[in-house]
Every structure is written in structure tokens, then in C-alpha cells.
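Trainee: Could you take one part of this model and go through it closely with me? I'd like to hear about the metal site and whatever is built around it.

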Amino acid sequence: MILTLKRGISKKEIKRIENKIRSFGFRPHISRGAKDITVGVIGENAILLKEFFESDPAVASIAQISKPYKLSSRQIHPKDTRLTVGNSKIGGGHFAIIAGPCSVESRKQIISIAKEVKKCGAKFLRGGAFKPRTSPYSFQGLGEEGLKYLAQAKKITGLPVVTEVMQISQIEVVSKYADVLQIGARNMQNFNLLKEIGKAKKPVLLKRGMSATITELLMAAEYIMSSGNSKIILCERGIRTFSDQTRFTLDISAIPVLKKETHLPVIVDPSHATGKRDLVPPMALAALAAGADGIMVEVHIKPDTALSDSAQTINIPTFKKLVKDISCIAKVLEKKV
Ligand code: PEP
Ligand code: MN
């Protein structure tokens with residue numbers, strides 16, 4: 001349920017409304033728009049409280065939140081959420097470029113890639129230290145050692161670090177080194193992990209499960225937000241379809257759908273979506289044109305030698321050209337890169 005408050009009411013009155021909502025065991029969510037202040041009443045069957053607010057002198061009107069997601073919905077928070085991580089911004093007109101290898105392989109590898117992608121215009125560094133691999137025989141990541149190398153790369157370049165957390169027991173150690181905690185596609189509906197990550201103080205990059213609907217993605221975000229962390233970046237990374245020419249199918253239409261449904265920043269990962277490096281630049285540009293707030297791409301100095309996801313990893317010259325093309329299109333779309 002959303003309460004639109006009467007214009008010009010005092011801070012004291014707003015506090016009273018918040019406390020009244022809490023007294024029923026619900027949670028208030030204040031949103032200040034250009035004209036109106038609205039208060040979302042969060043909790044199951046909140047609409048049952050309608051009768052207690054209908055004649056409240058501070059309330060102008062009452063509407064029902066029609067979607068199952070509440071805190072992530074645009075209905076409750078009409079303005080775009082913009083996140084600032086270090087000197088990098090994402091959302092609310094800022095298009096963020098996140099780049100780096102699939103996996104951290106060595107100190108030298110991650111530092112040299114970080115320096116190069118920074119030079120090209122990347123705003124965040126990615127790299128996996130805990131890797132969710134399909135085969136138990138594949139490289140599983142360097143673990144905490146990899147996190148230390150990421151932190152060193154950040155120290156040298158200033159790029160905030162995005163890296164994956166695969167299980168609850170890793171949240172603490174990853175939070176120690178990283179700026180953004182990534183939840184991978186395979187964990188999108190690991191509800192216990194989502195609840196715990198909701199207690200973390202760092203922003204979360206939440207990837208869409210490969211067989212998840214958009215509603216399920218938003219409900220996953222809702223788990224994190226309802227546990228106290230509203231700094232979330234959603235990531236479309238391709239879904240399973242019968243198309244056999246790409247690793248997954250990039251759901252481009254998910255971008256405008258998500259932008260309509262939620263105020264959270266929405267980015268696209270064209271690397272995992274396609275699985276093919278020649279498809280990464282066109283899909284990255286398509287994502288920007290469709291309204292995404294950023295991309296996350298896998299980049300390596302020597303893609304053919306990458307220990308994971310080599311086939312979908314682009315080299316530095318390709319990345320450099322991609323950033324140049326993004327800058328041109330972003331200008332037309334009045335987005336800051
Ligand atoms: C990744 O970004 O490193 C990754 C494993 O992606 P996904 O979870 O989308 O497969
Ligand atoms: Mn990868």
C-alpha cells in the first residue's frame with residue numbers, strides 16, 4: 001500500500017505516520033518526489049491497514065502496490081536509484097563500464113589488465129576469485145589470494161572491485177577486499193545467501209538466473225532489500241532458450257521491462273550472454289541503446305590463454321574500440337560514461 005501525504009505537512013507529521021505504520025508491525029518506506037511525498041507500507045497484506053489511514057489528516061490518497069515486489073518497484077520509488085562506489089557512479093543517467101578477466105589468475109595478470117582497462121575508460125574492475133565452474137576439474141579460482149590481488153589492482157588504478165560471493169561463509173572475506181559483491185546467476189535464488197548479503201554494507205550486483213523470470217529476479221532483489229541492503233545493481237546475463245548459436249540468449253527486452261518496473265540500476269553482461277567474443281561489442285552497444293545503465297565485460301590481455309571463459313573474452317584493442325563506440329552512442333542518448 002502507498003500513502004500519498006498531504007502537501008506541506010510537517011516533519012513531525014511524517015514521523016507520526018512512520019511510527020503508526022511500525023505500530024502495526026509493518027515497515028515504512030519514504031519517497032520524496034518533485035511534488036509529493038509518498039510512504040510505502042511494506043509487509044504482507046498491507047492493504048488491510050487501509051481503513052486505519054483513510055481518515056488520517058496527513059494522508060491525501062491511498063493506492064495499492066499491485067506487484068509482488070515492493071521495495072524494488074518504481075511504484076514505491078519513482079526516481080532512478082544512482083549508486084556511487086568510490087569515484088564511479090551507476091544509474092540515474094550514468095552508464096558504468098565494468099571490465100576485467102573472468103578469473104583472477106595471478107597478481108601480474110590482474111594488475112596489468114586493470115591498468116589497461118582503466119586507460120581505455122573502464123570505471124570498475126571485475127574478476128572472480130571464487131568461481132562457479134560447471135566442471136569440478138576446471139580452475140576454481142584463487143580464493144582469498146585472488147581477492148588480495150584485486151585489492152592491489154584497486155590500489156594502483158583506483159578502480160572499485162566487483163567480485164563474486166558464492167556462499168554465506170565467503171561474505172565476510174569478500175567484503176574485506178571488494179567494493180561490490182556479485183551474486184552469480186546460479187545463486188540468484190539462494191534465498192539464505194540473499195538474506196545474509198542483505199545484511200552486508202556493500203552494494204550487490206545481482207545476476208539474473210539463467211532460467212529465471214524477470215519477476216523472480218525482482219523478488220530476489222526484494223530478499224536483499226527487505227534484509228536491509230538497498231544498494232543493488234541488476235544484471236541481465238542471458239537466459240536459456242532453444243537458440244543454439246550462442247551460449248545463452250541475451251534478453252534485450254528485459255532492459256526496458258526492468259527499467260519500467262524498478263528504480264534499481266540495470267546492467268548487461270554480453271560476455272556470458274553470448275559466449276562468443278565477436279558478439280560482445282554489438283550486444284554491449286544494443287544494451288546501451290535499449291536503456292541499460294552499464295555493461296560488465298570480460299577482458300584479458302591474452303584472451304586465448306585465459307583460464308576460464310576464454311571464448312567470450314575480448315582483448316584490449318577490442319575493448320578500447322568498444323568504449324569509444326559506447327561514448328559516441330551515450331552522447332546521443334545523453335548518458336554520462
Ligand atoms: C561471472 O560473471 O563471473 C559469472 C560466473 O557469471 P554468471 O553467474 O552470470 O554465469
Ligand atoms: Mn566468466
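Mentor: Let's start at the metal and work outwards from there. Keep in mind that this is a predicted model.

The manganese ion (ligand 2) has four protein donor residues: Cys102 through SG, His272 through NE2, Glu298 through OE and Asp309 through OD. They lie 2.0 to 2.3 Å from the ion. Read along the sequence, the spacing of these donor residues is C-x169-H-x25-E-x10-D. Look at where two of them come from: cysteine 102 sits in the loop between β7 (96-100) and α3 (107-120), while glutamate 298 belongs to strand β14 (residues 294-298), so this pair ties together parts that are 196 residues apart in sequence. How accessible are the two? Cysteine 102 has a relative accessibility of 4%, so it counts as buried. Glutamate 298 comes out at 0%, so it counts as buried too.

Now stay with β14, the strand that brings in Glu298. It's mostly covered, with 5 of its 5 residues buried. That goes for both faces: Gly294, Met296 and Glu298 are buried on one side, and Ile295 and Val297 on the other. As for its partners, β7 runs parallel to β14 and is joined to it by 5 bridges. To find that pairing on screen, go to isoleucine 98, whose bridge partner in β14 is methionine 296. Strand β13 (residues 266-268) also runs parallel to β14, with 2 bridges joining them. There, valine 268 has isoleucine 295 as its bridge partner in β14.

Isoleucine 295 leads on to the packing. The largest nonpolar core has 75 residues, and those touching the most other members are Val117, Leu125, Leu206, Leu234, Ile295 and Phe319. Helix α7 (residues 214-226) supplies the largest share of this core, 7 residues. Phenylalanine 319 is a good one to click on: leaving out residues up to four places away in sequence, it touches Ile97, Ala99, Val117, Cys120, Ala122, Val297, Val299 and Ile314. Val297 in that list is one of the buried residues of β14.

One polar residue is worth a stop as well. Lysine 259 is found in helix α8 (residues 254-261), and with a relative accessibility of 16% it counts as buried. Apart from neighbours within four places in sequence, its contacts are Arg74, Asp80, Leu264, Val266, Gly291 and Asp293.

What about the rest of the chain? The domain assignment gives domain 1 (2-63) and domain 2 (83-332), and their centres, taken over C-alpha atoms, are 37 Å apart. For contrast, have a look at the sheet near the start of the chain. Here 4 strands make an open, antiparallel sheet in the order β2-β3-β1-β4. Its edge strands are β2 (27-32) and β4 (59-63), each paired on one side only. On average, neighbouring strands in this sheet are turned by 25° against each other, direction ignored. β2 and strand β3 (residues 37-42) are joined by 6 bridges, and arginine 27 has isoleucine 42 as its bridge partner in β3. Helix α1 (residues 11-23) lies across β1 (2-5), β2, β3 and β4, at about 150° to β2. There's also a second, separate core of 14 residues, Ile14, Val39, Ala46 and Leu49 among them.

Technical notes
Residues numbered from 1 in each chain as written. Chains lettered and ligands numbered in written order. Predicted model: local features only at pLDDT ≥ 70, side-chain atom pairs only at ≥ 80, totals over all residues. Heavy atoms only, no water. Pairing = 2+ DSSP bridges. Axes fitted to C-alpha atoms, helices over the stretch in contact; angles between N-to-C directions. Contact = heavy atoms within 4.5 Å. Donors = N, O, S within 2.8 Å, 3.2 Å for Na, K, Ca; no water. Buried < 20%, exposed > 50% of the residue type's maximum accessible area, 1.4 Å probe, protein only. Domains from an automatic or database assignment. Core = buried A, V, L, I, M, F, W, Y, C linked by side-chain atoms within 4.5 Å.
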